[in-house]
Amino acid sequence: MKPGILVARAVFPEVLARLAEHFEVESNQEDEIYSQQQLTDRLQGKQGALITGSARINEQVLAAVPGLRMVANMAVGYDNIDTAACERFQVLASNTPDVLNETTADFGWALMMATARRITEAEHWLRAGKWTKWRYDSFIGPDLHDSTLGIIGMGRIGQAIARRSTGFQMQVLYHNRSRLAPELEQAANQAQFVSKEQLLRESDHVILVLPYSAATHHTIAGAELALMKPTATLTNIARGGIVDDQALIQALRNKTIAAAGLDVFENEPALHPDFLDLTNVVLTPHIASASEKTRRAMANCAADNLIAGLSGQRPPNLLTSFPVQA
Ligand code: DGY
């Protein structure tokens with residue numbers, strides 16, 4: 001008998017086929033978003049699950065599914081998994097780091113550039129038939145080249161963003177839980193480690209790439225936005241909850257900062273409706289890792305982890321620390 005697994009969201013068909021070679025698979029190709037109760041019900045009798053950020057694996061779920069041995073997240077961020085509870089219940093957990101670094105860094109740049117150069121605002125205006133003449137000050141905004149880039153969260157994606165800034169002759173400031181080794185700072189366009197406050201005061205473009213946790217909740221709220229330059233932009237490709245969305249809406253309305261680019265939101269996909277009325281914000285639906293190659297790599301990485309973990313081998317991207325049982 002093959003072990004049973006739940007693939008909790010729609011996934012590339014070839015990845016389902018791969019998983020079916022190892023497991024009895026219950027899939028969800030209709031891509032229904034399960035409530036916590038539906039998730040718990042579907043997990044009954046399963047040894048593993050391939051999940052995404054929409055599935056919350058917490059104490060209640062783990063207590064209700066005693067046969068569960070592993071959850072494999074198809075994301076690098078894993079704030080949807082209570083890893084401490086997984087340790088207590090001896091349920092392995094994994095994520096998909098590295099495979100998305102470059103794609104996510106590309107997108108961070110795309111969003112930051114669209115925000116600074118007002119690309120979507122200008123396109124909406126053009127599509128609305130408002131373009132009747134060229135004007136010297138139409139859609140003028142800040143430059144990226146020769147400006148100061150502030151990166152909050154200097155992990156692998158943050159470093160990939162910094163590396164790309166050399167072509168724009170930018171100065172890079174960063175803030176992180178800990179300082180990088182000198183050779184990593186060097187490779188990250190000679191990034192300079194500074195306090196969050198200094199970074200916010202001095203940067204022309206601030207980009208957020210840090211993981212979400214209780215400690216990083218509202219890293220950017222009203223007080224932080226007040227430190228930024230009125231000409232500055234803020235780009236968030238990390239997680240909703242890192243920014244206080246209500247405070248950001250206020251800051252965008254009052255022009256405390258010039259503009260924001262947001263790929264992630266508090267309570268997404270039900271983002272705050274006031275964002276939709278603002279012209280100085282670029283909004284995208286959590287797609288920073290969405291290149292075809294990278295999404296396939298993420299799905300296969302999650303599958304590799306699950307196949308390893310449930311066959312008693314150490315999953316390549318294990319998040320839990322107790323020994324893997326055969
Ligand atoms: C990630 O990998 O964490 C992306 O945000 C997709 O959820």
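Helices (H or I, at least four residues) and strands (E, at least two) are DSSP runs, numbered from the N terminus. The exercises below apply these labels to a predicted model.

**Exercise 1.** Where is Gln169 placed, and what is its phi?

*Solution.* Step 1: Locate the residue. Gln169 belongs to the loop between helix H7 (156-164) and strand E7 (171-175). Step 2: Read the backbone angle. Phi of Gln169 is near 50°, which is a positive value in a residue other than glycine.

**Exercise 2.** State the strand order of the open sheet of seven strands and identify its edge strands.

*Solution.* Step 1: Write the order, which is E8-E7-E6-E9-E10-E11-E12, with parallel pairing. Step 2: Find the strands that pair on one side only; these are strand E8 (192-193) and strand E12 (281-283).

**Exercise 3.** Describe how strand E10 is joined to strand E11, and state how helix H11 lies relative to E11.

*Solution.* Step 1: Count the bridges. Strand E10 (residues 233-236) and strand E11 (residues 259-262) run parallel and are joined by four bridges. Step 2: Take one pair of residues as an example: Thr235 stands opposite Gly261 in E11. Step 3: Add the helix. Helix H11 (residues 245-253) lies across E10, E11 and E12, and its direction makes an angle of about 145° with E11.

**Exercise 4.** Which residues joined by a cis peptide bond include Pro269, and where is Pro269 placed?

*Solution.* Step 1: Identify the bond. Glu268 and Pro269 are joined by a cis peptide bond, with omega about 5°. Step 2: Place the proline. Pro269 is in the loop between E11 and E12.

**Exercise 5.** Describe the surroundings of the ligand and its polar contacts.

*Solution.* Step 1: List the residues around the ligand: Ala75, Val76, Gly77, Leu100, Arg239, His286 and Met298. Step 2: Sort this shell by character, which gives four nonpolar residues, two polar and one charged. Step 3: Apply the cut-off for a polar contact, a pair of N or O atoms within 3.5 Å. An oxygen atom of the ligand is 2.7 Å from a polar backbone atom of Val76. For a polar backbone atom of Gly77, the distance to an oxygen atom of the ligand is 2.9 Å. In His286, an N or O atom of the side chain is 2.7 Å from an oxygen atom of the ligand. Step 4: Consider the cover. The ligand on its own has 230 Å² of accessible area, of which the protein covers 83%.

**Exercise 6.** In which loop is His286 found, and what is its phi?

*Solution.* Step 1: His286 is in the loop between E12 and helix H12 (292-310). Step 2: Phi of His286 is near 50°, a positive value in a residue other than glycine.

Conventions: Residues are numbered from 1 along each chain as its sequence is written. This is a predicted model: local features need pLDDT of at least 70, side-chain atom pairs count only at pLDDT 80 or more; totals for chains, interfaces and linings use all residues. Side-chain values use heavy atoms; hydrogens and water are left out. Two strands pair if DSSP finds at least two bridges between them. Contact means heavy atoms within 4.5 Å. Axes are lines fitted to C-alpha atoms, for helices over the stretch in contact, and angles run from 0 to 180 degrees between N-to-C directions. A residue is near a molecule or strand if one of its heavy atoms lies within 4 Å of it. A polar contact is a pair of N or O atoms within 3.5 Å; within protein, one must be able to donate a hydrogen and the other to accept it, and residues adjacent in sequence count only if both atoms are side-chain atoms. Accessible areas come from the Shrake-Rupley method with a 1.4 Å probe; for residues, only the protein chains shown count as cover. Ala, Val, Leu, Ile, Met, Phe, Trp, Tyr, Cys and Pro count as nonpolar, Asp, Glu, Lys and Arg as charged, and the others, Gly among them, as polar.
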